[in-house]
Structure formats: structure tokens, C-alpha cells
Amino acid sequence: MRAIVLYQHGGLENLVFEPRYRDPEPGPGDVIVRVRACSLNYHDVFTRKGMPGIKVPMPIIVGIDVAGDIVATGPEVSAFKIGDRVLIDPVERVKGGLLGETFDGGLAELVRVPAHMLVGLDPALGYAEAAALPVAYGTAYRMMLARGKIQPGETVLILGASGGVGTCCVQLAKQAGATVVACASSEEKLARLKELGADVGINYAETDWVAECHRLFGRARVRPGDQGGVDVVVNFTGGETWTKSLRVMRRDGRLLSCGATAGYDPKEDIRLIWTFEFNIIGSNGWSREDVHALLGLVKRGKLTPVLHAKRFSLEDGREAMRTLDDRQVYGKVIVEP
């Protein structure tokens, strides 16, 4: 089969297109899925570069989010059959592990997974739209609803709103009845985010977004009755945006975090946290129930997976990854083998 294989950590040059890589064989309880769409995530970038404390077996095929068709089943598989359309929930919830990080993932024509990782895919849903959901949209769903508990009437600021997680956060916050403030790096991205439901757009490439938030929403005050600032900041970038996020929140506001794409060890100002009684809320991953809920929302037209304008072939998988490296992306990057 054709595949994109990572042989060692490092730059994009370490992603190698292999035209005749070994085909996977199903073991007991396994299925072989023909990949119709693989959605890329920043986690794939981290896997390629290497993450402290996480051992990645080499060589490995990266790619976490996958939708496709079953083409072979191993012994002991009864819940699915050849020809079924499926979405893979990429977390191995029995033995542990993650597709595309601890075992071969979806940047290939074929992928082997245990059958218990499969979710049936309704014929009404496209492969690319389904593949966009688990990591980014599942993470956003848990962070915004289960952990963040976004309420009607709140003001929610979303940093990095034009990516996979961000576009879902915009839609979920709007559905919850919040006023949505989206930050992105271009007016084109902001225009599209407003079409998704954002009420206010801030171009952080041209504007001091902290100063703009102070102008629009005021500043936090120590006295309980003073409620300047935004209610919620969604920050999955980390890095230099972290302490800045604290400076735009109201007293008793909430900062939601599910990642750190720009750096996991930012400079901190703890004084702000205790002075204004801020709530720092972490959110990690998603559940199988979240995946089913997202599929239901998409089917009912309540949620639209936002896809990057360009689709990539498997041969162009390295260029697909480059769009994430360069942060030149709006929505989910899809590779279609």
C-alpha cells in the first residue's frame, strides 16, 4: 500500500512517502479500514517532532482521525462487516494508546484497528466531515460543554478561532447563547468566522487584541460588583498568549485550556489568578459518547465541520502537514488517499 511513514523525529523531511509499504493484516478482533479521509491535527506535528515523556515506536504512520470502509475483518469480529462505512475513535480505550502515535495511523491507504474503536457512519455523512470530528471537535465539545459549562449571555473569547478546535468552539458557544469573540490572523478568516456565528472579530496580526478587549469589554476590577472583562477565554495555544488571556477576563472568569500549540511552559503571573479569583479549567480529550453526540449534531444540521479549502492526496501528505506547521489553515486539513 501507499503510506506516509515517519522514521525519526524532526522536520517535514522525515515524513517519507512510501509507494509500496507493507499491508496490515487483521488479528483476532481487528478490522482493516480503507482510508477515505484522514484529518490532520497539531498533535500529528508534535508526534513528528517528538514530545517529552511520550515514546513513539518507529517507523510509524501518523494520522489520528480516520474515516473509511471496512475491507477485511479478523476472527472474533461480529459487530461490523466488510463494506461498512466507519469512523475510527482514535483512542484505544481497552489496551491504551492512540492511533498515529503508539500504533500506525491514517496517512495510508489501509489501517488496522481493533473493532471496538469503530463507530458506524451514517450514509448521509461524508468521510471528510466525519474525519474532522474526533480529536478537534471532540476536544472542543468536552471543553466547552462538559468542563467549561458555557452559559447564555456570557461573553466568550476564542483564541486561534480559525483552526479545527476553534471553529467548533465558535459554533458551540453560539449555540449555547453566548456572545462570541473570535481572534484570527486575517480579515478573510474573521469574515468566515462571523458566518459561523462569531459576533465580534479581532485580527491579532494587526491589532493588540488585549487592548481591543479592554476597549470593548473593560477591565477586571477587584471589587465583586465591577464586572469588566470577558466571562470566558478559550486558550489552547499557550505560549505568549497565556498571561495576556488573564488580563482580559472579568473577576471570577474562566480560562479553558485543552492544549498548548504555541508552548506548554509560558511565563505566568500568579498574582492575577488570586487577585481576580480566576478559574483555570483544563480539559483533556473526549469520550465515545462525545463522538456520537457530534455525529448527531452534524446529521441534524446543528454543527458544520469546517474543512480547509484545499484537499490533499497521500503523495502530498508532507505539504498537508506543512500547512499546520506554517499555521496557514482555516478549518481541518484533509488528506484523501
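A residue counts as buried when its relative accessible area is under 20% and as exposed when that area is over 50%, with partly exposed in between. Keep that in mind for these exercises on a predicted model.

**Exercise 1. Two cysteines**

Find out whether Cys213 is buried or exposed, and work out how many disulfides the structure holds.

*Solution.*
Step 1: Look up the area. Cys213 has a relative accessible area of 1%, so Cys213 is buried. Cys183 comes out at 0%, so Cys183 is buried too.

Step 2: Recall the cut-off. To count as a disulfide, two cysteine sulfur atoms must lie within 2.5 Å.

Step 3: Check the distance. For Cys183, the nearest cysteine sulfur belongs to Cys213 and is 5.8 Å away, and Cys183 is in no disulfide. Go the other way and you get a matching story: the nearest cysteine sulfur to Cys213 is that of Cys183, at 5.8 Å, and Cys213 is in no disulfide either.

Step 4: Give the total. The structure holds zero disulfides.

**Exercise 2. A helix and its span**

Compare the span of helix α3 with that of a straight helix of 15 residues, then say how many of its residues are buried.

*Solution.*
Step 1: Get the expected value. At 1.5 Å a residue, a straight helix of 15 residues would span 21 Å.

Step 2: Set the model beside it. Helix α3, residues 133-147, spans only 18 Å between its end C-alpha atoms.

Step 3: Turn to burial. Eleven of the 15 residues in α3 are buried, which leaves the helix mostly covered. Among them are Leu133, Val135, Tyr137, Tyr141 and Met144.

Step 4: Peek past the end. Just after α3, Lys149 has a positive phi of about 50°.

**Exercise 3. Around strand β13**

Which strands are joined to β13 by bridges, and what handedness do the crossovers have?

*Solution.*
Step 1: Start with β12 (residues 230-234). Four bridges join β12 to β13, and the two run parallel. For instance, Val232 has Arg254 in β13 as its bridge partner.

Step 2: Follow the chain. β12, helix α7 (residues 241-246) and β13 form a right-handed β-α-β unit.

Step 3: Move on to β14 (residues 279-282). This strand also runs parallel to β13, joined by four bridges. Here Leu255 has Ile280 in β14 as its bridge partner. The chain gets from β13 to β14 through helix α8 (residues 270-275), in a right-handed β-α-β crossover.

Step 4: Add burial. Eight of the nine residues of β13 (residues 249-257) are buried, so the strand is largely enclosed by the rest of the structure.

Conventions. Residues are numbered from 1 along each chain as its sequence is written. This is a predicted model: local features need pLDDT of at least 70, side-chain atom pairs count only at pLDDT 80 or more; totals for chains, interfaces and linings use all residues. Side-chain values use heavy atoms; hydrogens and water are left out. The expected span of a helix is 1.5 Å times one less than its number of residues. Buried means under 20% relative accessible area, exposed over 50%, partly exposed in between (1.4 Å probe, protein chains only). Two strands pair if DSSP finds at least two bridges between them. A crossover is right-handed if, with the strands pointing away from the viewer, the path from the first strand over the helix to the second runs clockwise.
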